Amino acid sequence: MPNSTILQATTSPYDSYIWKSICKAKDILKDGFSLRIGSGNSFLWYSVWSELGKICDLVDYVHISDSTLQVRDIWSNGLWSFNNLATPIPNNIKDVIQGIPIPKFCSDGFKFMVTYWWLWRWRNSFIFDVVPWSIEHVLRNINLWFEEFNLKLPGSPQNMVVPRSVRWQPPDAGYIKVNVDGSCIISSGFCGAGGLLRGCDGQWLASFSMNLGKVGVLATELYVIRQGLMICLDMGYSYIWCESDSMEVVRLCLLSVIPLHHHLAVVIADIHKLMC
């Protein structure tokens with residue numbers, strides 16, 4: 001729905017029963033919708049996260065040291081705090097921001113919307129994917145969203161730091177391991193990725209990086225896996241462990257049938273060939 005939201009959606013006599021039901025529910029729920037901070041991941045200056053619009057348009061300049069701040073970076077112990085900002089904010093803007101409530105827990109409304117969203121994606125998976133998602137996959141992602149939301153909010157009873165050991169896990173003897181990851185800058189859309197190859201003893205073998213332009217998160221994660229596998233094979237290694245933190249990308253790489261309708265089907269097919 002370009003230039004609109006689901007709250008402005010309409011139906012026609014030819015729409016599906018599911019879409020008509022969603023629009024019917026929307027009419028009942030829309031009075032409870034308004035702009036909310038959520039987890040505070042929005043960019044402080046360049047996102048529309050309040051009724052003020054983009055804050056960058058309301059200040060004389062944004063200091064370079066503040067340019068990557070998120071909304072949650074200016075609250076502390078459940079209160080707004082502007083003391084650490086190098087960018088001057090007019091008092092009238094501060095007054096409006098201080099009147100915005102800071103969420104302290106994962107509300108029932110948030111849980112409903114997350115569940116609603118993932119059920120909608122599950123429905124789309126049944127229609128468009130050759131191998132649809134399992135209910136376990138959907139439930140796991142819903143719970144992960146709840147956990148991440150709670151852990152990132154100050155004042156939440158679950159917002160505790162639990163010390164744990166995080167270290168690189170070596171592959172089995174005779175294998176090499178390639179760790180890959182991608183990243184995108186939300187404000188510009190530019191994406192990059194890289195990878196690191198190590199032997200089963202942890203010895204560095206090779207590393208690489210990629211500037212991919214504006215290709216999107218999913219494409220970035222797929223491109224870097226393909227590049228990592230190609231480098232491993234070019235170096236003469238055939239026993240390879242490839243590790244990614246993207247569950248969706250791992251799912252696509254492990255599909256028994258390549259989804260030919262997928263907009264990245266060519267890249268997925270390349271990865272399947274490299275894995276054979």
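**Figure 1. Overall fold of the protein chain.** Starting at the N terminus, the elements of the protein chain follow the order α-β-β-α-α-α-β-β-β-α-β-α-α. This amounts to 7 helices and 6 strands. The model shown is predicted. Of the 276 residues in the protein chain, 34% are buried. The exposed area of the protein chain is about 17300 Å², and carbon and sulfur atoms supply 57% of it. When contacts between residues at least 6 apart in sequence are considered, 56% join residues at least 24 apart.

**Figure 2. The disulfide between cysteine 184 and cysteine 191.** The whole structure contains 1 disulfide. A disulfide is a covalent bond between the sulfur atoms of two cysteines. Here cysteine 184 is joined to cysteine 191, with an S to S distance of 2.5 Å. The disulfide is right-handed because the torsion about the S-S bond of cysteine 184 and cysteine 191 is about 105°. Cysteine 184 is partly exposed, at 25% relative accessibility, while cysteine 191 is buried, at 4%. Another cysteine, cysteine 276, is exposed, with a relative accessibility of 85%.

**Figure 3. A salt bridge between strands β6 and β3.** Side chains of opposite charge can pair when their charged atoms come close. The structure has 3 salt bridges. One of them pairs the side chains of glutamate 243 and lysine 177, at 3.0 Å from N to O. Glutamate 243 is in strand β6 and lysine 177 is in strand β3 (residues 176-184), so the pair, 66 residues apart, links distant parts of the chain. Glutamate 243 is partly exposed, with a relative accessible area of 37%. Lysine 177 is buried, since its relative accessibility is 3% and buried means under 20%.

**Figure 4. A salt bridge between helices α5 and α7.** The side chains of arginine 226 and aspartate 270 form a salt bridge of 2.8 Å, N to O. This pair also links distant parts of the chain, with arginine 226 in helix α5 and aspartate 270 in helix α7, 44 residues apart. Both are partly exposed: arginine 226 at 21% relative accessibility and aspartate 270 at 23%. Helix α7 (residues 265-275) has buried residues, including Val267, Ile268 and Ile271. The cover over the buried residues of α7 includes α5 (217-234) and α6 (247-253).

**Figure 5. A salt bridge within helix α6.** Glutamate 248 and arginine 251 form a salt bridge in which the closest N and O atoms are 3.0 Å apart. Both residues lie in helix α6, 3 residues apart, about one turn of the helix. Glutamate 248 is partly exposed, at 22% relative accessibility. Arginine 251 is buried, with a relative accessible area of 17%.

**Figure 6. Surroundings of serine 244 and tyrosine 223.** Serine 244 lies in the loop between β6 (240-243) and α6. A polar atom of the serine 244 side chain is 3.2 Å from the backbone nitrogen of serine 246. Leaving out residues up to four places away in sequence, serine 244 touches Val180, Glu221, Ile225 and Val250. Tyrosine 223 is located in helix α5 and is partly exposed, with a relative accessible area of 21%. With the same residues left out, tyrosine 223 touches Met210, Leu212, Val215 and Val267. Tyrosine 223 and alanine 193 are 30 residues apart in sequence, and their C-alpha atoms are 8.3 Å apart in space.

**Figure 7. A nonpolar surface patch.** Trp117, Leu144, Trp145 and Met247 make a nonpolar patch of about 370 Å² on the surface. Tryptophan 117 belongs to helix α3 (residues 108-128). Tryptophan 117 is partly exposed, with a relative accessible area of 40%.

Methods: Residues are numbered from 1 along each chain as its sequence is written. This is a predicted model: local features need pLDDT of at least 70, side-chain atom pairs count only at pLDDT 80 or more; totals for chains, interfaces and linings use all residues. Side-chain values use heavy atoms; hydrogens and water are left out. Patches are made of residues with over 30% relative accessible area and no salt bridge: like charges are joined within 9 Å, nonpolar side chains (Val, Leu, Ile, Met, Phe, Trp, Tyr) within 5 Å. Accessible areas come from the Shrake-Rupley method with a 1.4 Å probe; for residues, only the protein chains shown count as cover. A salt bridge is a side-chain nitrogen of Lys or Arg within 4 Å of a carboxyl oxygen of Asp or Glu. Helices (H or I, at least four residues) and strands (E, at least two) are DSSP runs, numbered from the N terminus. Buried means under 20% relative accessible area, exposed over 50%, partly exposed in between (1.4 Å probe, protein chains only). Contact means heavy atoms within 4.5 Å. A polar contact is a pair of N or O atoms within 3.5 Å; within protein, one must be able to donate a hydrogen and the other to accept it, and residues adjacent in sequence count only if both atoms are side-chain atoms. A disulfide is a pair of cysteine sulfur atoms within 2.5 Å.
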